[in-house]
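Here is a short briefing on one structure. Keep the 3D view open as you read.

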Amino acid sequence: MSLLAKRSIVKEDKSNIITLGAIAKEMKKKDPSVVNATIGMLYDEEGKLFVFDSVNEALNNLTDDEKFSYASTPGPDTYHEAIKHWVLREHYSSFMNVGVMATPGGSGAISNTFSNYLNPGDEVLLPNYMWGNYKQFAYENYASFRTYSLFDENNKFNLKDIYNQMVSLKNKQGRILLVINDPCQNPTGYTMSFDEWKSIINMINELSNDGTPVILLHDMAYIDYDKRGFKATRDKIALYKNLNSNAMAIMAFSGSKTMALYGIRVGAMIAVSNSEENILEFNKANKFSSRAKWSNTTNLGMNLITKVLTDDKLRNKFEEELELSRKTLIDRANMFIEKSNEVGLKTLPFDCGFFITIPCSNPNSVYQYLVDKKIHIIPMDNVIRVTISAISIKDCKKLPILIKEAIDYCK
Ligand SMILES: Cc1ncc(COP(=O)(O)O)c(C=O)c1O
């Protein structure tokens, strides 16, 4: 008989990204010609982890106290202010009610949102192509999930299905928690237009008008890699000012992605609402959950982010470096898409970001075929995901033809 509690017996980390990523890393260590297009981190053209000099400079100037002491559970006010300014930018002063809670990465923000805005057994609404960890956050927080089709039959963003699923969830459980990962959606790289974002806000207002709680979890892990830059991403956020008071947007900010602080584990949940009461409740419940799950977020991570964002010189340098990393990603993506078009390799709708996804009927065979050619990608349900953030432009040039070959061979 298992010693595990009943609902823990079925717990198994089915996400293959970390496992396959570790295999690829090991193979590359033995043979540098291996292409590792698995894990979502940014690497430079020489295959070294991309590190922001501005962030390193700030790190070298942190005091022992700033690095090693305990932080408070929500994190210091200075961190909250720095994050609010960064995420809201020119819209900062026009938001009345904003709550911030420090979390270990965007992951902590997602987990807390699932804990506090779903009743046991409720379903969270996820995209059908998704970062698989959402499912585990749901189970861990006594919830389950259903999916909306990200794209319709014409490969357009599927507002209609999101609306239908929201209505169905409203009728079933009297509350809605909708997850949208934008921009640079993982795994597709799709980025919603301003008008699509506006339609989402309208739907939320329509469905929450009668008092039904509707929460939008905006997973903005890749917000600073949108090829359109800061203004486009923050103009979408400004739309949250139009939400009615039964609705709230919670943004999951990732220090892992914005500042390449993957292993430091730092991020935040940022809630905006037209009701002050919603924010007070948010602060109270999420402080409790954070204390119960991880106690507090690293002072090192929070102070580092605060330093970079509040020192004018460091911040300017950081923004320049960010621009460079965005450009690197755009160049790689352009090359990959150009070569894919040349060989007739179809991708799911892609716009920008760390990943490009390719539909295929037997991803595991394609994975194996490519591994034999020293190429490591991630097989998922009916697609393979190629991490362009981790490979060079030269690799982006050669991969499409090999992937096309693999898909044709494994048909
Ligand atoms: C879509 C998406 N959301 C959230 C995260 C969370 O990242 P972290 O917890 O490291 O901030 C990731 C990480 O890969 C991701 O891809």
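Start with the ligand: 13 residues surround it, and Gly105, Gly106, Ser107, Ser254 and Ser256 come nearest. Keep in mind that this is a predicted model. From the ligand, the briefing moves to strand S6 and its two partner strands.

**Around the ligand**
- Helix H5 (residues 105-117) gives the largest share of the shell, with three residues.
- By type, the shell holds nine polar residues, three nonpolar residues and one charged residue.

**Strand S6: buried or exposed?**
- Strand S6 covers residues 214-219, and six of its six residues are buried, so the rest of the structure largely encloses it.
- Both faces of S6 are covered.
- One side carries Val214, Leu216 and His218, all of them buried.
- The other side carries Ile215, Leu217 and Asp219, which are buried too.

**S6 and strand S5**
- S5 (residues 176-181) pairs with S6 in the parallel sense, over six bridges.
- Look for Val179, which stands opposite Leu217 of S6.
- To get from S5 to S6, the chain passes through helix H8 (residues 194-208).
- This β-α-β crossover is right-handed.

**S6 and strand S7**
- S7 (residues 247-254) runs parallel to S6, and six bridges join them.
- Leu216 has Ala249 of S7 as its bridge partner.
- Here the chain crosses from S6 to S7 by way of helix H9 (residues 230-238).
- This β-α-β crossover is right-handed.

Terms used:
Residues numbered from 1 in each chain as written. Predicted model: local features only at pLDDT ≥ 70, side-chain atom pairs only at ≥ 80, totals over all residues. Buried ≥ 20, exposed ≤ 12 C-beta atoms within 10 Å, placed from the backbone. Helix = DSSP H or I, 4+ residues; strand = E, 2+ residues; numbered from the N terminus. Pairing = 2+ DSSP bridges. Right-handed = clockwise from strand over helix to strand, strands pointing away. Near = placed C-beta within 6 Å. Nonpolar A, V, L, I, M, F, W, Y, C, P; charged D, E, K, R; others polar.
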